[in-house]
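Q: Please take a close look at the strand pairing in this model. Start with what pairing means, and then follow the strands to whatever else they lead to.

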Amino acid sequence: MPHDRTPRIETTAEALERDPYPIFRAMQSGSPIGWVEELNMWLVADYANVEAILRNTQDFVTGTPDSLIFDTFGDHMLTTEGAQHERFKSRFRAAFSPARIRASMAPGTAACSRMLLDNFVNFGHTEFRAAYASRLPVLSILMLFNMPLEEEKNLRTWYDGFEKALSNFARHQDIRARARTYVSEFHALVRRHIERVRTTPDDSLLSEVVHDPSEDRLDDTEICRNASIIFFGGISTVEAVILNCLYALCTYPDERDRLRRNPDMAPQAIEETLRWLAPVQSATRHVVRDIRVGETVFRAGDTVNCMLGAANRDPRVFEDPDSFRPGRANVRKHLGFALGPHFCLGSNLARLEATTAVRHILERCPDLHPSADHPMEIRGFEFRQPTALHLEWQT
Ligand code: HEM
């Protein structure tokens, strides 16, 4: 029997890329779940249903054998569920705790941030994405694995190839083949460092996983595959939260001034950015068996996009949700890092990098404002951020 996918949302991929929030608001006041024909997927726009689906990993899974993420990286923590997912993730969890991240990463992240700012702060203007936000996460993640910072250029090339492969919905063979080459080059780098720490252990995340004393420790291929998702997960997401926070502060100059006077409010500004303009707007799930959620019937094989960005602006959960208000009482309920078993592994590192970034930037560029020649523009449906961010300040 053909499946009548209703209700439908009459929108386009282009409209969602440009500004999805009015579409989400319309869904929240009518049917919060709807089918988008052009995307061939369901969108879920309210907090309660997004939460229910993300917690239900029996019926809604992250990876299928023909999903692009599985095709590119194989199995790892973001394409597995249940015991296998826990086996992968548990090996890395301790190293990402708030205390460990502060101890292992705070000094290096601060030093890299200062070094990047020194390159341009005297000019009085820059394009922040290329000059700062895209670089800090790559340098940080290399430090986390105790790999030389000179690998930055290689990582950037590989990363850009992975990104193309993960949105290669038309399945172009050349994009797929290039990503496979990059994955093998990346694995070769990780394997070299696995050998290094095997003979000379250090205090890095990699050394800890290689010297795991448990019986079912990860083998080298499993370490490489999970390392790819850790690297992949921690680069453009952190770039985006830094840019989105700067965008918010330029849009709300009173909040910029308040933060400059009270730098200890940086964590609140970052949490509110993760809510107000979530860098990762969606968590994609694949339906395992026919299942009803509210009024909607999903069929096995359907794709469901849980819109974290929409849930973060659900007026049933957040008061005055369209305003950027650092310090709002329930901000930590935001779903910027998702929730449930796949909750972001790197959230504490992301928070450290992003708060370091806004503190340092406001310290050195106190009256930061948009350049008159380059209006700020935000784009993106699954990942959302300014395409470029030209800002100016008094030197
Ligand atoms: C502000 C920056 C970040 C944001 C907004 C973000 C967001 C997310 C979200 C929404 C998920 C869940 C995806 C899903 O359920 O489909 C996720 C998972 C993940 N993130 Fe992050 N992330 C950020 C930074 C990082 C960093 C710095 C790392 C590592 C260094 C990282 C590593 C991961 C990994 C490995 C997963 C998969 C966890 C699992 O499957 O159990 N992320 N992230």
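A: Two strands count as paired if DSSP finds at least two bridges between them. Keep that rule in mind for what follows. The model is a predicted one.

Take the 3-strand sheet. It is open, its order is 4-12-9, and its pairing is antiparallel. Strand 4 (125-127) and strand 9 (369-370) are the edge strands, and each pairs on one side only. Look at the join between strand 9 and strand 12. Strand 12 covers residues 390-392, and 2 bridges join it to strand 9 in an antiparallel run. Because at least two bridges are needed for a pair, these 2 bridges satisfy the rule. One bridge can be named by residue: His 369 has Glu 392, in strand 12, as its partner.

Now the 5-strand sheet. This sheet is also open, with the order 1-2-8-5-3 and mixed pairing. Its edges are strand 1 (33-36) and strand 3 (60-61), each with pairing on one side only. A helix packs on this sheet: helix 3, residues 47-55. Helix 3 touches strand 1, strand 2 (41-44), strand 3, strand 5 and strand 8 (303-307). Its direction makes about 125° with that of strand 8.

Which strand does strand 3 join through 2 bridges? The partner is strand 5, and the two run antiparallel. At residue level, Val 61 stands opposite His 286 of strand 5.

Strand 5 leads on to the ligand. The shell around the ligand has 27 residues, and the closest are His 85, Lys 89, Arg 285, His 342 and Cys 344. By type, the shell divides into 18 nonpolar, 7 polar and 2 charged residues.

Three polar approaches stand out in the list. The side chain of His 342 has an N or O atom 2.7 Å from an oxygen atom of the ligand. For His 85, an N or O atom of the side chain is 2.8 Å from a ligand oxygen atom. Lys 89 also places a polar side-chain atom 2.8 Å from an oxygen atom of the ligand. Which elements give two or more residues to this shell? They are helix 5 (82-93), helix 12 (220-233), helix 13 (236-251), strand 5 (282-287) and helix 17 (347-364). Helix 13 gives the most, with 3 residues.

Next, the iron atom. Cys 344 is its single donor from the protein, with SG 2.4 Å away. Cys 344 sits in the loop between helix 16 (308-311) and helix 17.

Two backbone details round off the tour. Most residues other than glycine have a negative phi, and most peptide bonds are trans. Arg 171 is not a glycine, yet its phi is positive, about 55°. Arg 171 lies in the loop between helix 9 (152-166) and helix 10 (173-199). The bond between Thr 6 and Pro 7 is a cis peptide bond, with omega about -5°. Pro 7 belongs to the segment before helix 1 (13-18).

Conventions:
Residues are numbered from 1 along each chain as its sequence is written. This is a predicted model: local features need pLDDT of at least 70, side-chain atom pairs count only at pLDDT 80 or more; totals for chains, interfaces and linings use all residues. Side-chain values use heavy atoms; hydrogens and water are left out. A residue is near a molecule or strand if one of its heavy atoms lies within 4 Å of it. A polar contact is a pair of N or O atoms within 3.5 Å; within protein, one must be able to donate a hydrogen and the other to accept it, and residues adjacent in sequence count only if both atoms are side-chain atoms. Helices (H or I, at least four residues) and strands (E, at least two) are DSSP runs, numbered from the N terminus. Ala, Val, Leu, Ile, Met, Phe, Trp, Tyr, Cys and Pro count as nonpolar, Asp, Glu, Lys and Arg as charged, and the others, Gly among them, as polar. Contact means heavy atoms within 4.5 Å. Axes are lines fitted to C-alpha atoms, for helices over the stretch in contact, and angles run from 0 to 180 degrees between N-to-C directions. Donors are N, O and S atoms within 2.8 Å of the metal (3.2 Å for Na, K and Ca); water is not among the atoms, so sites may look incomplete.
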